[in-house]
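Colleague: Please give me a close look at one part of this model, its charge pairs. Start with one of them and then work outward to whatever surrounds it.

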Amino acid sequence: MRRSIDDLRIFYGEPAGALARRMLARRLEDAWGEANNCDVLGLGYATPWLDAFVGARRLIAAMPGRQGVELWPQAGKNRTVLVDDRRLPFAAGSFDRILLVHALEEADDAQALMLEAVRALAPTGRIILIAAARGGLWARSENTPFGHGRPFTRRQLERLVREAGLEPTAWSQTLYVPPWGPLLPLADGLEPIGKHVMPGAAGLILLEATRQAYARARPGGAVATAPVLTPALQPQPASRARRNPAGGDLARSAEHP
């Protein structure tokens with residue numbers, strides 16, 4: 001059973017939740033920046049991060065029915081909608097960016113959810129899946145939402161997106177600090193160390209995927225395929241400077257809006 005909207009709101013108001021929110025925000029800033037001129041969908045419980053996409057053309061938070069929905073943003077027009085995550089109420093190709101948070105772990109059918117997300121993704125769109133890491137301590141703590149439902153390994157997420165018709169293009173991890181109050185202040189120091197010394201201890205996995213090729217009509221009417229150049233996600237702490245996307249890590253790119 002999914003965590004309720006009240007459970008999630010309470011968690012992100014506590015120290016552990018505030019830390020998770022901040023660490024994930026760094027990775028997303030590296031990957032997508034402000035998502036300028038993009039239509040962005042957050043699926044699951046993504047509102048703690050959607051406010052950062054200030055350059056987006058449109059922002060929508062879709063929340064599964066068994067989770068419940070909250071009013072967001074607090075001021076202005078409401079941008080949340082309660083959905084059946086196996087049948088999203090959006091036209092095909094509606095979104096340039098789709099972010100899945102607290103969506104996969106407790107889904108009745110993760111593959112059906114992914115197929116719907118892919119249907120709503122634009123042909124050159126990009127999607128980021130965020131899920132509890134199977135080997136991490138956060139997945140073993142029932143005091144956090146990441147300790148409920150099914151955690152994932154990187155390979156399981158890669159298989160999931162491939163079965164939905166996408167190709168993994170980049171990945172990252174975060175939350176190397178255990179989810180115990182006295183240790184949370186050590187989080188910033190453990191991030192750069194953890195990825196080298198204890199990569200299996202990360203609490204969360206981020207995987208970016210896209211359609212690797214799209215159809216391009218030739219003058220004679222034949223169809224060829226052309227690669228969609230998608231940068232990687234950097235696992236280092238965020239920086240507004242552009243980074244080298246080599247190596248398959250999450251990173252921000254100047255070539256994509």
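**Salt bridges and their surroundings**

Modeller: Happy to. E106 and R3 form a salt bridge in which the closest N and O atoms lie 3.9 Å apart; the term means a side-chain nitrogen of Lys or Arg within 4 Å of a carboxyl oxygen of Asp or Glu. This pair joins distant parts of the chain, since E106 sits in the loop between β4 and α4 (110–119) and R3 in the segment before α1, 103 residues apart. For those labels, helices (H or I, at least four residues) and strands (E, at least two) are DSSP runs, numbered from the N terminus. E106 counts as buried because its relative accessible area is 15%, whereas R3, at 24%, counts as partly exposed. The cut-offs are under 20% for buried, over 50% for exposed and in between for partly exposed, with a 1.4 Å probe and protein chains only.

Some ground rules before we go on. The model is predicted, so local features need pLDDT of at least 70 and side-chain atom pairs count only at pLDDT 80 or more, while totals for chains, interfaces and linings use all residues. Residues are numbered from 1 along each chain as its sequence is written, and side-chain values use heavy atoms, with hydrogens and water left out.

Across the whole structure, a search finds 16 salt bridges. Another of them pairs R9 with D6, with 2.9 Å between the closest N and O atoms. Here both partners belong to helix α1, and because they are three residues apart, about one helical turn separates them. An α-helix has 3.6 residues a turn, so residues three or four places apart point the same way. Both ends are partly exposed, R9 at 38% relative accessibility and D6 at 44%.

D188 and R22 form a salt bridge too, their closest N and O atoms being 3.0 Å apart. Like the pair I began with, this one links distant parts of the chain: D188 is in helix α6 and R22 in helix α2, 166 residues apart. D188 is partly exposed at 33% relative accessibility, and R22 is partly exposed at 36%. Elsewhere, D39, R57, R58 and D96 are linked in a network of salt bridges.

R22 brings us to its helix. What span should the 18 residues of α2 cover at 1.5 Å a residue? The expected figure is 26 Å, which agrees with the 26 Å between the end C-alpha atoms of α2 (residues 15–32); the expected span is 1.5 Å times one less than the number of residues. Buried residues in α2 include A16, L19, M23, R27, E29, D30 and W32. Just after the helix, G33 takes a positive phi of about 60 degrees.

On to the nonpolar interior. A nonpolar core is a set of buried Ala, Val, Leu, Ile, Met, Phe, Trp, Tyr and Cys residues joined through side-chain atoms within 4.5 Å. The largest one has 41 residues, and L99, I128, I130 and W138 have the most contacts inside it. Among the elements that give it two or more residues are α1 (5–11), α2, β4 (95–101) and β5 (121–132). Helix α2 supplies the largest share, eight residues. A second, separate core has 33 residues, L104, L121, A133 and L207 among them.

W138 deserves a pause. Leaving out residues up to four places away in sequence, its contacts include F11, A16, L19, F146, L175 and L184, where contact means heavy atoms within 4.5 Å. A16 and L19 are among the buried residues of α2.

Back at helix α6, home of D188, there is a surface feature. I193, V197 and M198 form a nonpolar patch with about 260 Å² of accessible area together, M198 lying in the loop between α6 (187–197) and β7. Such patches take residues with over 30% relative accessible area and no salt bridge, joining like charges within 9 Å and nonpolar side chains (Val, Leu, Ile, Met, Phe, Trp, Tyr) within 5 Å. Areas come from the Shrake-Rupley method with a 1.4 Å probe, and for residues only the protein chains shown count as cover.

For the wider setting, the protein has six helices and nine strands, and 54% of its 257 residues are buried.
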